[in-house]
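This report walks through the side-chain packing of one protein chain, moving from its nonpolar core to single residues and then to its aromatic rings. Please keep the sequence and the structure in view while reading.

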Amino acid sequence: EVDKGIRDVLGLDAVFDAKPAIMRAYQIAKNVTQSRRSVGDDYIEFREFRFFLLALRQFFEYWVAFQRMDSDDDRRISLEEFMSVGSMLETWVGPIEDMVEEFVNIDTNGGGFILFDEFVRWAISKNLDLEDDDD
């Protein structure tokens, strides 16, 4: 429902395309505290909403970085795509000694591609920061 609200209520179709980022922010925010309502923990309550907005902003930054690397728009990053953006990546996270080894470390499921969830875990650990965002 959060993503539907972004699209329908706020009218932000471009933001709706970042559904993986929206869902990660939602999953984190809804688990910040235990629900006091009888409907359970599946909804973001008022006291969690600020945390949701902060998480959403951060996950949007990760989504933008991920999309810049995903040149064929298949929502996964191949080794070839990863290698082609080495200097851009180093601008965001600092020096990377061995690009192939870094790719293998990020690809935790061993599928040969970096998925958004895997990228986010890595980006958080590296304190990824886009050079052109509005910190």
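## The nonpolar core

In this predicted model, the largest nonpolar core has 33 residues, and those that touch the most other members are Met69, Phe82, Leu89, Trp92, Phe119, Trp122 and Leu128. Two or more residues of this core are given by each of the elements α3 (19-30), α4 (46-69), α6 (86-93), α7 (99-106) and α8 (116-126), and the largest share, nine residues, comes from α4. In soluble globular proteins, nonpolar side chains tend to be buried together.

## Phe82 and its contacts

Phe82 is among the core residues that touch the most other members. When its neighbours within four places in sequence are left aside, Phe82 is in contact with Met69, Ile77, Leu89, Met99, Glu102, Phe103, Ile106 and Ile114.

## A buried arginine

Is Arg24, a residue of helix α3, buried or exposed? Arg24 counts as buried because its relative accessibility is 19%, which falls under the 20% cut-off. Not counting residues up to four places away in sequence, Arg24 touches Phe59, Phe116 and Asp117.

## Aromatic rings

The count of aromatic pairs in the model comes to eight. Ring pairs join Trp63, Phe66, Phe116, Phe119 and Trp122 into a cluster; of these residues, Phe116 is also touched by Arg24, while Phe119 and Trp122 are among the core residues that touch the most other members.

Another arginine meets a ring elsewhere: the charged end of Arg76 sits over the ring of Phe113, at 3.7 Å from the centre of that ring.

Methods:
Residues are numbered from 1 along each chain as its sequence is written. This is a predicted model: local features need pLDDT of at least 70, side-chain atom pairs count only at pLDDT 80 or more; totals for chains, interfaces and linings use all residues. Side-chain values use heavy atoms; hydrogens and water are left out. A nonpolar core is a set of buried Ala, Val, Leu, Ile, Met, Phe, Trp, Tyr and Cys residues joined through side-chain atoms within 4.5 Å. Buried means under 20% relative accessible area, exposed over 50%, partly exposed in between (1.4 Å probe, protein chains only). Helices (H or I, at least four residues) and strands (E, at least two) are DSSP runs, numbered from the N terminus. Contact means heavy atoms within 4.5 Å. Rings of Phe, Tyr and Trp (its six-membered ring) pair if their centres lie within 6.5 Å; planes under 30 degrees apart count as stacked, over 60 as edge-to-face and the rest as tilted. A charge sits over a ring if NZ of Lys or CZ of Arg is within 6 Å of the ring centre and within 35 degrees of the ring normal.
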